[in-house]
Amino acid sequence: MSLEGIVLKKMEDIKVGDVAYFSKTVTEADIMMFAQLSGDYAPQHVSAEFGKTMMYKSRIAHGMLTAGLICPVLNRLCGDGSVTYSQEIKFKSAVLLNDTVTVRGEVVELIPEENKVKIDVVCRKQGTGPEDRPLILAAFVQKLEITSLDV
């Protein structure tokens, strides 16, 4: 197993105010692969006909698919050796086919005695700004589990 490219961080590498971003356009393939992976074939995700009857007049991406886009931001802020200790996610709006989701995470607190980092997350779609309704508001606590590859 190659460990090349793995980024590990220690508490002293992380500062309150650190920010990271990730963006992705959610495609038909993403939605269908997530349906297959999760077993969630609810019609609002996979049926164009059903989607037309909804308030968005379109199918919507799975909420957990959208929430999964937060993971790269957590890794960038806390390193690849961190794990999610707790999370609170509030879904505020839907992601439609071909929406581009941008995730912004910011370190808001360090808890060095527990090796934990609190991160606030906001997910937005293309064409929206801070005054517009976000897709997701979330708070995560990441625990730094692996800070060295010394065995």
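I will walk through the sheet, two of the helices, the nonpolar core and the cysteines of this structure, which is a predicted model.

Let me start with the sheet. Five strands make up an open sheet in the order β1-β3-β4-β5-β2, and the pairing is antiparallel. The edges are β1 and β2, each of which pairs on one side only, and neighbouring strands are turned against each other by 20 degrees on average, with direction ignored. As general background, strands of a sheet pair through backbone hydrogen bonds, either parallel or antiparallel.

Two of the pairings deserve some detail. β1, residues 19-25, pairs with β3 in the antiparallel sense over 7 bridges, and within that pairing Thr 25 has Thr 100 of β3 as its bridge partner. β3 and β4, which span 100-111 and 116-125, pair in the antiparallel sense over 10 bridges, and here Ile 111 has Lys 116 of β4 as its bridge partner. These two strands form a hairpin with 4 residues between them, and Asn 115 in the turn has a positive phi of about 60 degrees.

Now to the helix that lies over this sheet. α5, residues 71-78, lies across β1, β2, β3, β4 and β5, and runs at about 155 degrees to β1. Which residues of α5 are buried? They are Val 73, Leu 74, Leu 77 and Cys 78, and because they cover an arc of only 110 degrees around the axis, they sit on the same side of α5. In general terms, an α-helix has 3.6 residues a turn, so residues three or four places apart point the same way. The buried residues of α5 pack against β1, β2, β3, β4 and β5, and the helix is followed by Gly 79, whose phi is positive, near 90 degrees.

α1, residues 28-38, can be described in a similar manner. Its buried residues are Asp 30, Ile 31, Phe 34 and Ala 35, and their arc of only 135 degrees around the axis puts them on the same side of α1. The face turned away from that buried side carries the exposed residues Met 33, Gln 36 and Leu 37. What covers the buried residues of α1 includes β1, α2 and α4, and after the helix comes Gly 39, with a positive phi near 80 degrees.

That brings me to the core. The largest nonpolar core has 29 residues, of which Val 26, Ile 70, Val 101, Val 103, Ile 119, Val 121 and Cys 123 touch the most other members. At least two core residues come from each of β1, α1, α4, α5, β3, β4 and β5. To take one of these members, Val 26 touches, leaving aside residues up to four places away in sequence, a set of residues including Ile 31, Ala 61, Leu 65, Leu 69, Val 95 and Val 101.

Finally, the cysteines. How many disulfides does the model contain? The count comes to 0. For Cys 71, the closest cysteine sulfur is that of Cys 123, at 10 Å, which is too far for a bond; Cys 71 itself is partly exposed, with a relative accessible area of 43%. For Cys 78, the closest cysteine sulfur is that of Cys 71, at 12 Å, again too far for a bond. Cys 78 counts as buried because its relative accessibility is 1%, where the cut-off for buried is under 20%.

How values were computed:
Residues are numbered from 1 along each chain as its sequence is written. This is a predicted model: local features need pLDDT of at least 70, side-chain atom pairs count only at pLDDT 80 or more; totals for chains, interfaces and linings use all residues. Side-chain values use heavy atoms; hydrogens and water are left out. A nonpolar core is a set of buried Ala, Val, Leu, Ile, Met, Phe, Trp, Tyr and Cys residues joined through side-chain atoms within 4.5 Å. Buried means under 20% relative accessible area, exposed over 50%, partly exposed in between (1.4 Å probe, protein chains only). Contact means heavy atoms within 4.5 Å. The arc is that of the directions from the helix axis to the C-beta atoms. Two strands pair if DSSP finds at least two bridges between them. Axes are lines fitted to C-alpha atoms, for helices over the stretch in contact, and angles run from 0 to 180 degrees between N-to-C directions. A disulfide is a pair of cysteine sulfur atoms within 2.5 Å.
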